[in-house]
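Biologist: I am new to this structure and would like a close look at one part of it, the packing of its helices. Could you take me through that slowly, with the terms explained as you go?

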Amino acid sequence: MRVLITGIAGFLGSSLAKRLVTLGHEVVGLDVLHRAEAWRLGDLKLTDFLWQDVGDVRADQLEGVTHIVHTAASVDVGHSERSPRHAAYQSVNGTIAICEAARRARIPIQRLILISSYSAYGRVARQPIVATEPRHPTTVYGAMKASQEAIALSYFHSHKLPVAVIRSSTIFGPYSRTTLPVNLFMTRAMRGEPIMLTGDGRQTREQNFISNVIDAILYLLDARSSLDGEVFNIGSCREVSMLDLARTCISIAGSESKIEFAGARFGEEGRLALDCSKARQILGYEPKVHLAEGVRLTHDWMASRERDR
């Protein structure tokens with residue numbers, strides 16, 4: 001297959017590209033970051049690279065593309081709050097553009113996978129959250145992810161575009177952003193600095209290792225049966241409190257860092273976990289790398305980068 005990955009210079013896009021190339025597939029990348037500056041890709045051999053905003057993609061640029069994985073979006077919750085209009089333009093306009101280009105492609109696209117987030121659900125009383133749960137986002141970021149989903153699925157209903165949606169929990173691993181909890185906690189643990197938690201640290205989230213998410217994407221890309229219009233929760237299937245996550249990072253780093261607490265912030269309290277039973281039943285999804293192993297792999301990567309500096 002020939003797969004177009006939007007946002008290929010990012011953490012998920014680049015990691016997926018490496019796996020696809022290793023498996024012998026052709027990969028076309030699209031990103032606003034110039035290829036020479038896409039450090040996560042290294043010297044990976046791509047079939048083509050489109051240096052442009054996804055909002056400018058055209059149908060003729062999809063010639064030969066059989067599948068699309070749309071990861072391009074505003075990925076930082078903080079940025080979405082500080083610059084909501086810019087973040088919305090990136091996420092919403094880009095999704096409209098890629099769906100429209102795919103709809104008008106001369107050779108029909110076999111599958112378009114939209115990468116969404118469990119932030120689209122908002123605050124849900126019943127945990128873990130099932131994929132059929134109504135979405136009531138409580139943050140700008142969550143609202144944008146819900147908007148992306150609505151747009152992509154509208155193209156399925158109106159134009160029969162073969163869209164499938166992944167609602168992912170937090171993803172971590174080598175090459176991930178420094179603002180993610182595992183990276184933040186591990187950085188401070190490696191330096192012996194205190195780790196600051198909001199509230200009492202007992203709020204839970206899912207931290208899913210990158211290879212597990214890529215496995216799920218590959219299941220969707222390879223699936224022979226019609227999965228058009230389907231939405232799948234893809235998580236670690238094991239929620240973890242921020243307190244236990246910090247302790248895991250301290251233990252793996254062999255650190256003596258202390259844990260300190262600050263006031264709770266809106267939206268960070270309570271539980272947030274995904275019910276992945278639908279993905280298990282239909283895709284055969286099962287996370288292979290669990291938290292401790294994933295944190296250890298991330299620590300080893302971070303330590304190697306420190307040594308190379």
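Modeller: What follows is a careful walk through two helix pairs.

This is a predicted model, in which local features need pLDDT of at least 70 and side-chain atom pairs count only at pLDDT 80 or more, while totals for chains, interfaces and linings use all residues. Residues are numbered from 1 along each chain as its sequence is written, and side-chain values use heavy atoms, with hydrogens and water left out.

Helices here are DSSP runs of H or I with at least four residues, numbered from the N terminus. Helix 6 has 13 residues and spans 19 Å from its first C-alpha to its last, close to the expected 18 Å, a figure that comes from 1.5 Å times one less than the number of residues. Of those 13 residues, 11 are buried (under 20% relative accessible area, with a 1.4 Å probe and protein chains only), so helix 6 is largely enclosed by the rest of the structure. The buried residues include Ile 210, Asp 215 and Leu 220.

Two packed helices are described by the angle between their axes and the distance between the axes. Each axis is a line fitted to C-alpha atoms over the stretch in contact, and angles run from 0 to 180 degrees between N-to-C directions. Helix 1 (residues 11–22) and helix 6 (residues 210–222) cross at roughly 60°, with their axes coming within 10 Å, and the crossing is right-handed, which means that the near helix is turned clockwise from the far one by less than a right angle. In contact (heavy atoms within 4.5 Å) are, among others, Phe 11, Leu 16 and Arg 19 of helix 1 and Val 213, Asp 215 and Leu 218 of helix 6. The residues of this contact divide into 10 nonpolar (Ala, Val, Leu, Ile, Met, Phe, Trp, Tyr, Cys and Pro), two charged (Asp, Glu, Lys and Arg) and two polar (the others, Gly among them).

The second pair is helix 5 (residues 181–191) and helix 9 (residues 291–308), which pack at about 55° with axes 11 Å apart. That angle makes helix 5 oblique to helix 9, a class for angles that are not under 35 degrees, over 145 or from 65 to 115. This crossing is right-handed, and its contact includes Val 182 and Met 186 of helix 5 together with His 299, Met 302 and Glu 306 of helix 9. Here the contact residues divide into six nonpolar, four polar and one charged.

Terms used. Helices (H or I, at least four residues) and strands (E, at least two) are DSSP runs, numbered from the N terminus. Buried means under 20% relative accessible area, exposed over 50%, partly exposed in between (1.4 Å probe, protein chains only).
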